[in-house]
Amino acid sequence: MKKYLLLFLLLSTWLCGAAEFKKFTSNGNAKANGLDFSFKYPSDWREGTAESANIVCIFLNSKVVNQKAQSTSISVVVKKLEGNLPTPEDQAKFHTREMMQTLMPPGSRFHAYRKAKLAGDDASFFEFETIQEREGRKLYMQASACVLIHENYMIMLQGYATALAANDAKVLYKASKTTLGRIINSLEFQKPKE
């Protein structure tokens, strides 16, 4: 009996977590400013249109739940830093809670911050919520972001759960948090820059 229970649990885990992932590569993307990186995103997400010049790519999963539109998205921002490569002191000043709060949209509410490592570089991970107005509607967003400096580039991966009601955004974010984390943690740099 234990053998069947174990088999059932393994099969259930595999079926529930077996979302297929595709690989995005920035190679040839002018917005990446010469930085070659990749990450994996769920294969049922579609590529969106990035409005900002610094957003290299955006992928999203839109759906309607109980007749309410919701979406989960990930975007990658790349900014080439001018001048000398950042020193360890520059990195230490950059990776602070206070600095990360300056990267949030105006009016956002900060939730959490921690230092991390991503693709071998020091990184900052933080969570926040914000309300944006688009086309006369309020969009409630729960978000996580990971920011790092790689060589002379600042990279920010932003994951958003967006809904027309604050509680719906919170529920969606909680359900999407593992997927957003998996996307962020899949970041890889393709080759060292000269």
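## The three-stranded sheet

In this predicted model, 3 strands make up an open sheet, arranged in the order S1-S2-S10 with antiparallel pairing. The edges are held by strand S1 (21-25) and strand S10 (188-189); each has a single partner strand, so one side of each has no neighbour in the sheet.

Between S1 and S2 the antiparallel pairing extends over 5 bridges. In this pairing, Phe-21 is placed opposite Pro-42 in S2. Helix H4 lies across S1 and S2, and runs at about 160° to S2.

## The largest nonpolar core

The largest nonpolar core has 29 residues, and the members that touch the most others are Phe-37, Phe-39 and Ile-155. At least two residues come from each of strand S2 (37-42), strand S4 (55-65), strand S5 (68-80), strand S7 (121-134), strand S8 (137-150), strand S9 (153-163) and helix H4 (166-185). The element that gives the most to this core is H4, with 5 residues.

A second core lies apart from this one. This other core has 17 residues, including Met-100, Phe-126, Met-141 and Met-154.

## Around Phe-37

Phe-37 is one of the core residues that touch the most other members. Which residues is Phe-37 in contact with, leaving aside its neighbours within four places in sequence? The contacts are Phe-24, Thr-25, Ser-26, Ala-32, Val-56, Val-76, Val-78, Leu-187, Glu-188, Phe-189 and Gln-190.

How values were computed: Residues are numbered from 1 along each chain as its sequence is written. This is a predicted model: local features need pLDDT of at least 70, side-chain atom pairs count only at pLDDT 80 or more; totals for chains, interfaces and linings use all residues. Side-chain values use heavy atoms; hydrogens and water are left out. A nonpolar core is a set of buried Ala, Val, Leu, Ile, Met, Phe, Trp, Tyr and Cys residues joined through side-chain atoms within 4.5 Å. Buried means under 20% relative accessible area, exposed over 50%, partly exposed in between (1.4 Å probe, protein chains only). Helices (H or I, at least four residues) and strands (E, at least two) are DSSP runs, numbered from the N terminus. Contact means heavy atoms within 4.5 Å. Two strands pair if DSSP finds at least two bridges between them. Axes are lines fitted to C-alpha atoms, for helices over the stretch in contact, and angles run from 0 to 180 degrees between N-to-C directions.
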